[in-house]
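Open your viewer and get ready to select a few residues with me. We will go from stop to stop, and at each one I will say what to click and what is there.

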Amino acid sequence: MGEEVFGWVEKATLEPWGVEVKAKLDSGALTSSLDARDIERFEKEGEEWVRFRLELVDEASGETFSETLERPLYRDIRVRGAGGRDERLVVLMKICLGRAVYEEQVGLRNREEMHYPLLLGRRTIGHLGLLDVTRTFLNAPECDEDTEVKRYDSNGEEREGGGDETE
């Protein structure tokens, strides 16, 4: 069987909550980006962490999903764009696309004014398969608690499936 093909816009779910969002697959961006509010860096047990709030409309139910999360800071990046330079805090998040859950680097920023709450950059697209920029919604998210998590590998090597995880 060949590689899966994804459109330039797909529905994805944020795991483990299963909240469904529209994701734009953007080969012009390197790092993925997620709509987050009230982003703050803090220290926890000697490590740098990030606290942020997700406020997303679930595409499946139409209901607003609001949750404050804490994640270890993976790294911070400086981004240049049309609006100038911006610093973004990056965390690892689990995203279901098609029939797989991917642990991915996600930069946090307020995307309230953007059309898509989740932008998937080249780091993520490179793990998925092929991108058809002429099509949309080719793979509905079909993940459950038994779906193997393809953990993020900072060396860029082949990913490995994860074992049991707790949030």
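**Stop 1: a buried arginine**

Start by selecting Arg88, which lies in strand S9, residues 84-97. Keep in mind as you look around that this is a predicted model. Is Arg88 buried or exposed? Its relative accessible area is 12%, and the cut-off for buried is under 20%, so Arg88 counts as buried.

Now show what surrounds this side chain. Leaving out residues up to four places away in sequence, Arg88 touches Ser33, Arg75, Asp76, Ile77, Val79, Leu108 and Arg109. Pick Ser33 from that group: Ser33 and Arg88 are 55 residues apart along the chain, while their C-alpha atoms are separated by 9.1 Å.

**Stop 2: three strands side by side**

Next, select residues 37-44, strand S5, together with residues 47-57, strand S6. These two strands pair in the antiparallel sense, over six bridges. To see one facing pair, click Arg41, which stands opposite Val50 in S6. Then move to the turn: the hairpin of S5 and S6 has two residues between the strands, and Glu45 there takes a positive phi near 50°.

Add residues 64-72, strand S7, to your selection. How many bridges join S6 to S7? There are nine, and these two strands run antiparallel. Two facing pairs are easy to look up: Val57 stands opposite Thr64 in S7, and Leu56 has Phe65 as its bridge partner in S7. S6 and S7 also form a hairpin, this one with six residues between them. In its turn, click Gly62, whose phi is positive, at about 80°.

Show all of this as a cartoon and step back. The three strands form an open sheet in the order S5-S6-S7, with antiparallel pairing. S5 and S7 stand at the edges and each has a single partner strand, so one side of each is left without a neighbour in the sheet. Turn the view and look for the twist, which averages 15° from one strand to the next. As a reminder of what holds such an arrangement together, strands of a sheet pair through backbone hydrogen bonds.

**Stop 3: a glutamate and an asparagine**

Now select Glu10, in strand S2, residues 9-15, and Asn139, in the loop between strand S12 (130-132) and strand S13 (149-150). How far apart are Asn139 and Glu10 in space, C-alpha to C-alpha? The distance is 6.7 Å, although they are 129 residues apart in sequence.

Begin with Glu10. This residue is buried yet has no salt bridge, and the nearest side chain of opposite charge, Arg135, is 8.3 Å away. What does the side chain of Glu10 reach instead? Draw a line to the backbone nitrogen of Gly7, at 2.6 Å, and another to the backbone nitrogen of Asn139, at 2.9 Å. Beyond its neighbours within four places in sequence, the contacts of Glu10 include Val21, Lys22, Leu97 and Phe137.

Finish on Asn139, which is also buried, with a relative accessible area of 11%. A polar atom of its side chain lies 2.7 Å from the backbone oxygen of Val5. Again setting aside neighbours within four places in sequence, Asn139 is in contact with Glu4, Val5, Phe6, Glu10, Lys11 and Gly98. Select that group to close the tour.

Terms used
Residues are numbered from 1 along each chain as its sequence is written. This is a predicted model: local features need pLDDT of at least 70, side-chain atom pairs count only at pLDDT 80 or more; totals for chains, interfaces and linings use all residues. Side-chain values use heavy atoms; hydrogens and water are left out. Two strands pair if DSSP finds at least two bridges between them. Helices (H or I, at least four residues) and strands (E, at least two) are DSSP runs, numbered from the N terminus. Axes are lines fitted to C-alpha atoms, for helices over the stretch in contact, and angles run from 0 to 180 degrees between N-to-C directions. Buried means under 20% relative accessible area, exposed over 50%, partly exposed in between (1.4 Å probe, protein chains only). Contact means heavy atoms within 4.5 Å. A polar contact is a pair of N or O atoms within 3.5 Å; within protein, one must be able to donate a hydrogen and the other to accept it, and residues adjacent in sequence count only if both atoms are side-chain atoms. Lys and Arg count as positive and Asp and Glu as negative; His and the chain ends are not counted. A salt bridge is a side-chain nitrogen of Lys or Arg within 4 Å of a carboxyl oxygen of Asp or Glu.
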